[in-house]
Every structure is written in structure tokens, then in C-alpha cells.
Amino acid sequence: MRRRLLALICVTGSLVSGCGLLPGGHDRHTVTVWLMKDSASKEFLARFTEDFERTHSDQRLDIRIQEWTGIVEKVRKALRSHAKDAPDVIEVGNTQVPQYVDDGRLADLTLESMRDWGKEHWLPGLAEPGKEGNKQYGVPWYAANRVVIYRKDLYERAGITEPPKTRDAWLDDTEKLNSGGDQGIYLAGQDWYTLSGFIWDEGGELAQEKDYEWRGTLDTPAALRGMDFYRRLQALGRGPVDSDEEHPPQAGVFAGGKVAQIVAVPGLAQAIVQQNPGLKGKFGFFPVPGKSAARPGTVFTGGSDLVVPQNTDDQFAATAVIGALTGAKWDTELARTMNYVPNKTTLAGAVDGEEGVAAMAAGAAHGRATPNTPQWAAVEADNPIKGYMTRVLGGADPATEARRASRKITESLATDLG
């Protein structure tokens with residue numbers, strides 16, 4: 001979008017465009033797009049770039065790949081910049097959007113979202129963090145969420161003929177699997193993303209806003225019911241109560257061959273097979289079960305949104321890029337290429353051929369994100385939910401510990417509000 005004379009696109013490792021003259025001597029706008037490392041393959045971006053420039057003869061793409069480390073401050077700096085090479089479109093993590101909205105430097109994309117992009121079908125876990133009030137700032141691009149990865153051979157040995165569709169059946173099956181030296185499930189004590197889904201399923205929240213103030217709500221009856229289910233499920237394995245799913249990495253634990261189930265993104269199965277090739281072909285996937293068979297359980301949905309800085313000099317061109325990237329053609333192509341969930345519930349059929357991704361898509365239809373406040377990052381920085389879980393799993397009174405954790409969440413959410 002910063003005006004440059006261009007002749008061609010040079011797709012290199014960083015996908016930075018070259019410059020030159022178009023046939024006939026016409027100027028083309030350069031649209032500078034920041035995308036995150038590994039969100040899309042170089043081959044996908046090359047195909048998209050070629051198609052976009054063919055169908056938008058007055059625009060050229062300059063796609064620049066960014067690292068996740070340090071990205072929040074880098075984006076904030078870019079949103080204040082007036083440099084010629086400042087980004088016009090930026091990929092951001094779905095739960096990061098509230099931080100940038102709070103800075104007041106994102107373009108309002110409500111009109112395009114309603115008129116052109118079919119926001120009524122967007123995945124809620126991507127759409128909700130991208131809005132403030134009635135205004136939409138972040139446009140869903142792709143999603144990923146946890147499913148249950150299970151050992152088909154251990155299910156068969158236990159006489160289980162199909163994956164459970166309710167939480168009660170899941171508990172019963174896991175108890176059957178928890179025998180003969182095998183763990184029915186490996187669930188670390190501080191896997192708070194998984195706990196969040198159980199809390200939401202019960203109608204609870206991690207925190208809620210009332211009268212413009214956020215408060216922790218782990219001590220509500222609904223949230224306590226979610227924690228109680230987590231406690232019962234976690235006890236059917238030997239997951240450590242005082243650490244999360246990365247300490248030790250649960251892929252390595254599952255690769256040891258004595259675990260029947262874990263809760264993780266489907267892509268983790270590849271890492272497990274790399275560590276234990278003997279498990280190749282033995283995995284199945286199903287959505288985290290819900291309270292009834294009518295729908296899967298609620299899950300935390302991660303992924304990315306696309307935003308437009310207010311300081312762009314051509315918002316029309318920026319929205320053209322977003323419209324193309326998030327439209328049905330390229331969004332489903334990205335999902336198939338990268339094993340993601342498409343951004344709309346109506347596109348879930350595009351990934352039916354991949355068992356793990358199809359399970360993700362079923363869960364993502366009921367996905368959620370963390371509380372929609374920029375201060376939530378302060379909660380995660382010293383996460384009181386983890387300590388709460390450890391104490392409850394160690395036998396402490398859940399109500400007492402939930403009140404303590406809720407107070408800490410409230411204190412963190414009140415940080416820097418002035």
C-alpha cells in the first residue's frame with residue numbers, strides 16, 4: 001500500500017517482494033502483510049500471492065514473516081509507526097487482540113465483517129476476542145484446539161468399541177483403561193486450558209465483567225463443578241499434580257507406551273510417533289466429550305486473527321487482502337495444508353478427511369477464548385489457576401482455594417487500569 005513501482009513478486013524464505021515497473025507504466029500499491037512463522041507454508045503463500053495479484057491488478061503483496069518471541073511489543077511499535085514499510089495487515093494471536101484494541105490503534109472492521117465476510121458463521125473462540133462491544137477489530141483466520149488422542153489397541157483390549165460421547169461415559173471408559181499398569185489418561189495437574197473447558201461446560205467462567213470491573217469467578221458453583229470433574233478425571237492416571245502438560249512434555253510420556261489417552265492438539269501425535277515409531281497407526285482422535293451426547297464439550301480455542309492498523313494509508317486494499325485470506329477458497333486451502341480448523345463452522349466439512357482435524361473442528365464449533373480483557377496477560381504471567389488446581393488435587397478444600405485464586409485473578413485484572 002505504500003506506493004512503489006513493481007514488476008514482480010520475489011518469493012524467498014522471508015517472502016519479501018521486489019520492485020519494478022508494471023506493463024504500461026502504471027503504479028501499483030504494495031500491501032505489507034505481517035504473518036507469523038509457521039502459520040502458513042511458503043508454498044501456500046506463493047500460491048496465494050500469485051492468485052491475489054492476478055485478481056487485484058493494482059496491488060502487490062509484501063509478506064514478511066515474524067517470530068512469536070517479542071511480537072506484542074513489535075506490533076505495538078508498528079501500530080504507532082508512520083514508516084513507509086509499516087504493516088497494513090497483521091496476524092495476531094486471537095487472545096492478543098484485546099491488548100491492541102485497548103491501545104486504540106486498530107481499524108474498525110465491523111461493516112466488512114457483517115456485509116462481506118459472514119461473521120455470523122465465525123468460530124466463537126476466534127471472533128469474540130476480536131471484538132469490543134459491538135465493534136469487530138480482529139477477523140478470524142484459523143483455529144486449533146485440543147482433542148482426545150487415544151490408543152485404539154488399548155481401547156480394544158479394554159472392550160471399548162467406540163469413543164465416548166459424554167463426560168460420564170468418558171470417566172467410565174477411562175476407569176476401564178486405568179488397569180494392568182496402564183494409565184487410563186495422562187492429565188497433568190496444572191493443565192488449566194483443559195480445566196477451562198470443563199468450567200465453561202458447566203456454565204461457569206474464569207472471570208466476569210460487571211460494572212466495568214473484572215473479577216475472578218472460580219468460586220462460583222458452576223466453576224467448582226468443572227474443577228470437580230477435572231479432579232475425577234485426573235485421578236485416573238498418574239499425571240503430576242504440581243506441573244503442567246509441558247513439564248514433562250506429555251508427548252514423551254505418551255510415547256512410553258503405557259498411557260491410553262491424553263488431551264492435546266492432534267499434531268502432537270506426530271511428535272509421539274517420532275519418539276516411538278512402534279505407535280504409528282495406533283492413534284485415534286475424538287472431541288472432548290460434553291455433558292450430553294448432543295454436542296461435544298467446550299474447549300479453549302487458539303489460533304489467529306487478522307487486524308488492520310489505523311495508520312495504514314489504504315484500508316480498502318488492506319481489507320481486500322483479509323477478505324481473500326479469510327474467504328472460503330483460501331481459508332479451506334490453508335486448513336487442508338496446515339491441518340487447521342477453518343474460521344467458520346460452515347467450512348468444517350473441508351477437513352472431514354483428516355480424523356484429528358475433524359475432531360478439532362467439532363470441538364471448535366463450541367470453542368471459547370480467555371476473558372476478553374487486555375489485562376488477562378497479567379493473570380497468565382503468574383497464573384493463580386495453576387496453584388489452585390495443584391492444591392485441590394492435593395486434597396485442599398476446593399471452595400476455599402477457589403476463593404483465594406479468584407481474589408488473585410481480580411487483583412491482576414485491576415492492574416494498570418488507570
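**Strands, helices and loops in a predicted model**

Four bridges join strand β4 to strand β13, and the two strands run antiparallel. One place to find this pairing in the model, which is a predicted one, is glycine 93, which stands opposite serine 304 in β13. Strand β4 covers residues 89–93, and five of its five residues are buried, so the strand is largely enclosed by the rest of the structure. The burial applies to both faces of β4: Val89, Glu91 and Gly93 are buried on one side, and Ile90 and Val92 are buried on the other.

Strand β13, made up of residues 301–307, is also joined to strand β7 by six bridges, again in the antiparallel sense. Here valine 139 is a helpful landmark, as it stands opposite leucine 306 in β13. Strand β7 in turn is linked to strand β14 (residues 341–342) by two bridges, and these two strands run antiparallel. Within that pairing, alanine 143 has valine 341 of β14 as its bridge partner. Strand β7 spans residues 139–145; six of its seven residues are buried, so β7 is largely enclosed by the rest of the structure.

A further group of strands can be followed elsewhere in the chain. Three strands form an open sheet in the order β11-β8-β12, with antiparallel pairing. The edges of this sheet are β11 (261–264) and β12 (283–286), each of which pairs on one side only. On average, and with direction ignored, neighbouring strands of the sheet are turned by 25 degrees against each other. Between β8, which holds residues 147–151, and β12 there are four bridges in the antiparallel sense. To locate this pairing, the reader can look for tyrosine 150, which stands opposite glycine 284 in β12. A helix accompanies these two strands: α14 (residues 355–364) lies across β8 and β12, and runs at about 20 degrees to β12.

The next feature is a pair of helices. Two packed helices are described by the angle between their axes and the distance between the axes. For helix α16 (residues 384–393) and helix α17 (residues 398–413), the axes come within 9 Å and cross at roughly 170 degrees. The helices α16 and α17 are therefore roughly antiparallel to each other. On the α16 side, the contact is made by Pro384, Ile385, Tyr388, Arg391 and Val392. On the α17 side, these residues meet Pro398, Glu401, Ala402, Arg404, Ala405, Lys408 and Ile409. Sorted by character, the residues of the contact of α16 with α17 comprise eight nonpolar and four charged, with no polar ones.

Some details of the backbone also deserve a look. Most residues other than glycine have a negative phi, and most peptide bonds are trans. Aspartate 38 is not a glycine, yet has a positive phi of about 75 degrees. This residue, aspartate 38, is found in the loop between β2 (28–36) and α1 (42–55), and with a relative accessibility of 58% it counts as exposed. Asparagine 339 likewise has a positive phi, of about 60 degrees, although it is not a glycine. Asparagine 339 sits in the loop between α13 (328–338) and β14, and its relative accessible area of 34% makes it partly exposed. The peptide bond joining histidine 247 and proline 248 is cis, with omega about 0 degrees. Proline 248 belongs to the loop between α9 (221–234) and α10 (250–255).

Strand β2 also contains threonine 30. Threonine 30 is buried, with a relative accessible area of 0%. From threonine 30 to proline 374 there are 344 residues in sequence, and 31 Å in space from C-alpha to C-alpha.

Finally, a word on confidence. The mean pLDDT of the protein is 92, and 92% of its residues reach 70 or more. Over residues 1–26, however, the pLDDT is below 50, and this stretch has 80 contacts in the model beyond near neighbours in sequence. Where pLDDT is low, the predicted coordinates should not be read in detail.

Notes
Residues are numbered from 1 along each chain as its sequence is written. This is a predicted model: local features need pLDDT of at least 70, side-chain atom pairs count only at pLDDT 80 or more; totals for chains, interfaces and linings use all residues. Side-chain values use heavy atoms; hydrogens and water are left out. Two strands pair if DSSP finds at least two bridges between them. Axes are lines fitted to C-alpha atoms, for helices over the stretch in contact, and angles run from 0 to 180 degrees between N-to-C directions. Contact means heavy atoms within 4.5 Å. Angles under 35 degrees count as roughly parallel, over 145 as roughly antiparallel, 65 to 115 as roughly perpendicular and the rest as oblique. Ala, Val, Leu, Ile, Met, Phe, Trp, Tyr, Cys and Pro count as nonpolar, Asp, Glu, Lys and Arg as charged, and the others, Gly among them, as polar. pLDDT is the predictor's confidence in each residue, from 0 to 100. Buried means under 20% relative accessible area, exposed over 50%, partly exposed in between (1.4 Å probe, protein chains only).
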